[in-house]
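Work through these exercises with the model open beside you. Try each task before reading its solution.

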Amino acid sequence: MKVKLFFGRTGLFFIAAVFAVLFLLPTVLTISNSFMTQSEIDANYGMIFESTRPGVGTYVGDSVNLKFIPDKVSFDQYTTVLFRSPEYLLKFWNSVILVIPIVIFQVGIAAFAAYSFTRFKSKLKNVIFFFYIVLMLMPYQVTMVPNFLVAEWLGLIGSRWAVIFPGVFAPFSVFLLTKFMRRIPSVLIEAAKLDGANEFQIFSKVCIPQCRSALYSIAILVFIDYWNMVELPIILLANADSQPLSVYLSTINAGEAGVAFAVAVVYMVPPLLLFLHGEEALVEGITHSGSVKG
């Protein structure tokens with residue numbers, strides 16, 4: 001039995017390691033290629049990035065060569081991104097300006113809504129929560145037309161608020177936080193009521209402290225989701241100066257492939273740091289959110 005258990009665990013570990021390496025390969029490739037010279041990138045990825053645009057020219061490479069170690073380490077791409085081309089940093093801060101309010105207000109609204117779904121019992125509440133689940137399961141593309149129509153009716157087309165408002169009222173955070181709040185022991189709430197606490201005090205001093213890991217995990221997931229958004233800014237922000245870096249990355253032409261690698265690495269830094277800082281809270285929040293039926 002011990003031998004079978006050993007080989008079983010070894011096999012599972014090997015399979016997990018293989019999948020981990022496969023998932024990490026694109027990230028490692030992006031980081032390593034960001035330190036390559038433009039000529040080396042042209043030679044390695046000529047077939048992929050070949051361009052027929054006037055004035056750009058075509059690459060001489062006629063085959064694809066995935067390379068993880070640069071022949072010569074160069075920081076020219078990062079110098080271009082961080083110092084020579086301010087439009088990249090402008091788009092980066094556009095992403096920050098769009099995403100930070102969405103995260104803060106979505107988590108805040110979700111906290112109040114989840115508390116209401118948890119504490120107050122009524123048939124109407126169950127119906128509303130059911131529609132929250134339906135909206136959450138809908139493909140994102142299905143809601144883009146209604147979002148556009150509402151933004152047009154409010155006169156927000158071209159404004160950052162046209163992107164922020166749909167994100168603020170997204171149903172995902174409400175659903176996840178409601179599932180988490182339902183696992184808070186009722187004795188804590190009853191004890192607070194016996195001590196004379198009102199509903200807001202129960203919410204702020206009992207429920208919120210119990211939900212810190214869930215709130216942090218939701219904030220991480222929401223940040224990563226909206227940090228990578230592309231479709232909504234393209235539709236609602238016609239002015240390119242207001243669009244986030246995620247949109248701008250797709251417009252970098254073939255002659256700037258090396259710069260695109262460097263921009264992608266810079267763009268990965270905030271969500272990566274956020275994930276590493278709150279990894280334990282993320283795992284705990286997601287695990288406990290799905291541990292109670294309801």
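**Exercise 1.** What should the 21 residues of helix H15 (residues 257-277) span at 1.5 Å a residue, and how far apart are its end C-alpha atoms?

*Solution.* Start with the ground rules. This is a predicted model, where local features need pLDDT of at least 70, side-chain atom pairs count only at pLDDT 80 or more, and totals for chains, interfaces and linings use all residues. Residues are numbered from 1 along each chain as its sequence is written, and side-chain values use heavy atoms, with hydrogens and water left out.

Helices are DSSP runs (H or I, at least four residues), and strands are E runs of at least two, numbered from the N terminus. The expected span is 1.5 Å times one less than the number of residues. For H15 that gives 30 Å. The end C-alpha atoms lie 31 Å apart, which agrees.

**Exercise 2.** Find where H15 bends, and list some of its buried residues.

*Solution.* Look at Val269: H15 bends there by about 35°. The bend is the angle between axes fitted to the seven residues ending at a residue and the seven starting there. A proline, Pro270, follows within four residues. Next, check burial (buried is under 20% relative accessible area, exposed over 50%, partly exposed in between; 1.4 Å probe, protein chains only). The buried residues of H15 include Val259, Phe261, Tyr267 and Pro270.

**Exercise 3.** At what angle do the axes of helix H4 (residues 76-84) and helix H5 (residues 86-119) cross?

*Solution.* Axes are lines fitted to C-alpha atoms, for helices over the stretch in contact, and angles run from 0 to 180 degrees between N-to-C directions. The H4 and H5 axes come within 5 Å and cross at roughly 70°. That makes H4 roughly perpendicular to H5 (the class covers 65 to 115 degrees; under 35 is roughly parallel, over 145 roughly antiparallel, the rest oblique). Now find the contact (heavy atoms within 4.5 Å). H4 supplies Thr80, Val81, Leu82 and Arg84, while H5 supplies Pro86, Tyr88 and Leu89.

**Exercise 4.** Is Thr80 buried or exposed?

*Solution.* First place Thr80: it sits in helix H4. Its relative accessibility is 17%, so Thr80 counts as buried. Then list its partners. Leaving out residues up to four places away in sequence, Thr80 touches Ser85, Tyr88 and Val259. Val259 is itself among the buried residues of H15.

**Exercise 5.** Where is Gln141?

*Solution.* Gln141 lies in the loop between helix H6 (123-137) and helix H7 (144-154). Gln141 is partly exposed, at 45% relative accessible area. Its C-alpha atom is 8.2 Å from that of Glu231, 90 residues apart along the chain.
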